[in-house]
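User: Please go through the packing in this model with me, starting with the core and moving on to the helices.

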Amino acid sequence: MEDRTTTSGQEPERDPYADQPLRSPWIAQMAPDGPPRRLTADAETDVAIVGAGIAGIATAFFTLRTTSQRVLLLERDRVGRGATGRNAGQLTTYFERPLHEIADEFGADMAIDAQRAFDEAHDLLNVMVSETRANVQVERFTGHMGMFSLNHLVVHLRNNLLRRQGGLREETCVVSEKAEFLRQIPSEFAHLYSVVPQRRIRELLNTDDDRYRAVLSDRKGAANSATLVQQVLAFLEQRYPDRFVYHDNTRVDRIVVGDDGASLHSDEHEVSASNVVLCTNGFVDHTIEDGTGEPITLAADQRIVARVGFMAAFAEAQQVLPAAFSYIRNITIGGDTPYVYVTRRTYDRHDGTITLTCMGGPESPIDITEYDPDGPVPGAILTNLDEQARPLAQPSRPPGLPYDFQWHGLMGYTDGGIRVIGAHPSHPALLYNLGCNGVGFLPSIHGGQRVARILSGEHLPPSVFDPR
Ligand SMILES: Cc1cc2nc3c(=O)[nH]c(=O)nc-3n(C[C@H](O)[C@H](O)[C@H](O)COP(=O)(O)OP(=O)(O)OC[C@H]3O[C@@H](n4cnc5c(N)ncnc54)[C@H](O)[C@@H]3O)c2cc1C
């Protein structure tokens, strides 16, 4: 290796990475889309869906499956090019906010129902894959989260207590016998964890970083959501030629919602629909108004704020079992330092099957009007991932090597930290399935099914997801 010690004997600052072209491993695996299919005339439908990511495609899938209504799906770009083609692809069902806090706000029953709904979205994904005969690879495994502070541990044990009360699957928790806070864990949680040698913590987290003293393990998985939506779209077009229409390269810039329907405006064309479902994720560059021109909004804590998430990935020739790890790095929940997450998975390339390890964590709030979805990944972010995440993802990988893939994507956050699913309380023709708050693959699928149930006329009990 190059000797980088200066003549003064001091270690020089490591060269930062240069900005790199955006390259997502999921978009790289997609099939060609064929020619663009713009909306070229006014149209009329029962249900208009805006956005062809996993949320829009799942909403179309379940609506067509559950109802006899006609569905028209509009996408500004091509299918799967939003966050669905630029995520980590991890199948995970936690809220980016402690479940017990959600219970404090909405009551334990509603919090448990919401968690159950996300957990059961694993099964809905299976239904989508099997019924559409999608050949996208879905891997399932146990994922592990490393913790080193009492605050984190207690928050997760409290969540687990709620899970137990609600009869949900519990997360497994182990605490190192070396944990400095072992004796401070409140006795009410005694039955929710077991004490193990520190060696076991190292094994589970695949690290020799002995800061980590406790591990929470749960059901996870991984799949390429971009190829999934592309394949489901092809199925829907084939299966429902009389009831399903798809247009891409068509940006909806204004939606007007009336008492018994909505109109969607794009360039010079208009779509009239009995219902419109927004599956637009963090994109907020369209207006939504009522018949008098007044903007239609949601409760302050449900409004979508866009953030950008960044990722890098490296390929390894040898096949390693798929796995997911996250490493908490702040002392208390909500602290500034983002956690780092790593997903290791099987990845098919033109030259064979390899192991792909994806690392993420850094996020930044943005001015949506300035976001370039295809802009480069800032070198400073790659340096950060290389310094902070790589030693956990693959300790034997030397620092400073180029990454095989680097990418970023847009996510929609709400102040309340909870997805918005369902009909607007004052404008029932307008429905939502958005607001991932960092975790949106399975929640989008749950949202698609829930919206379909509402559109089929079912009266669902109140939920934490209800638009307010
Ligand atoms: C870096 C990163 C990592 C992530 N990792 C994970 C993870 O590991 N696990 C997980 O569960 N979630 C993860 N997520 C979140 C998850 O990817 C998203 O929640 C999910 O893909 C969102 O799907 P969607 O359909 O709501 O949004 P998108 O896929 O963004 O689709 C929205 C679509 O709407 C279209 N659109 C928007 N506005 C308009 C308009 N006005 N007119 C027409 N079309 C419009 C867009 O072009 C876009 O195609 C991650 C996200 C990012 C960015």
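User: Which residues touch the most other members of the largest nonpolar core?

Analyst: The model is predicted: local features need pLDDT of at least 70 and side-chain atom pairs pLDDT 80 or more, while totals for chains, interfaces and linings use all residues. Residues are numbered from 1 along each chain as its sequence is written, and side-chain values use heavy atoms, leaving out hydrogens and water. A nonpolar core is a set of buried Ala, Val, Leu, Ile, Met, Phe, Trp, Tyr and Cys residues joined through side-chain atoms within 4.5 Å, where buried means under 20% relative accessible area (1.4 Å probe, protein chains only). The largest has 70 residues, and those touching the most other members are M128, L228, L236, F244 and I445.

User: Which helix gives the most to this core?

Analyst: Helices are DSSP runs of H or I, at least four residues, numbered from the N terminus. With nine residues, the top contributor is helix 4 (residues 108-132).

User: Why does this core lie between two domains, and which are they?

Analyst: Domain bounds come from an automatic or database domain assignment. The core lies between the two because both give residues to it: domain 1 (40-137 + 224-304 + 414-468) and domain 3 (305-413).

User: At what angle do helix 2 and helix 10 pack?

Analyst: Axes are lines fitted to C-alpha atoms over the stretch in contact, and angles run from 0 to 180 degrees between N-to-C directions. The axes of helix 2 (residues 54-66) and helix 10 (residues 441-455) are 8 Å apart. Their packing angle is about 35°.

Technical notes:
Buried < 20%, exposed > 50% of the residue type's maximum accessible area, 1.4 Å probe, protein only. Helix = DSSP H or I, 4+ residues; strand = E, 2+ residues; numbered from the N terminus.
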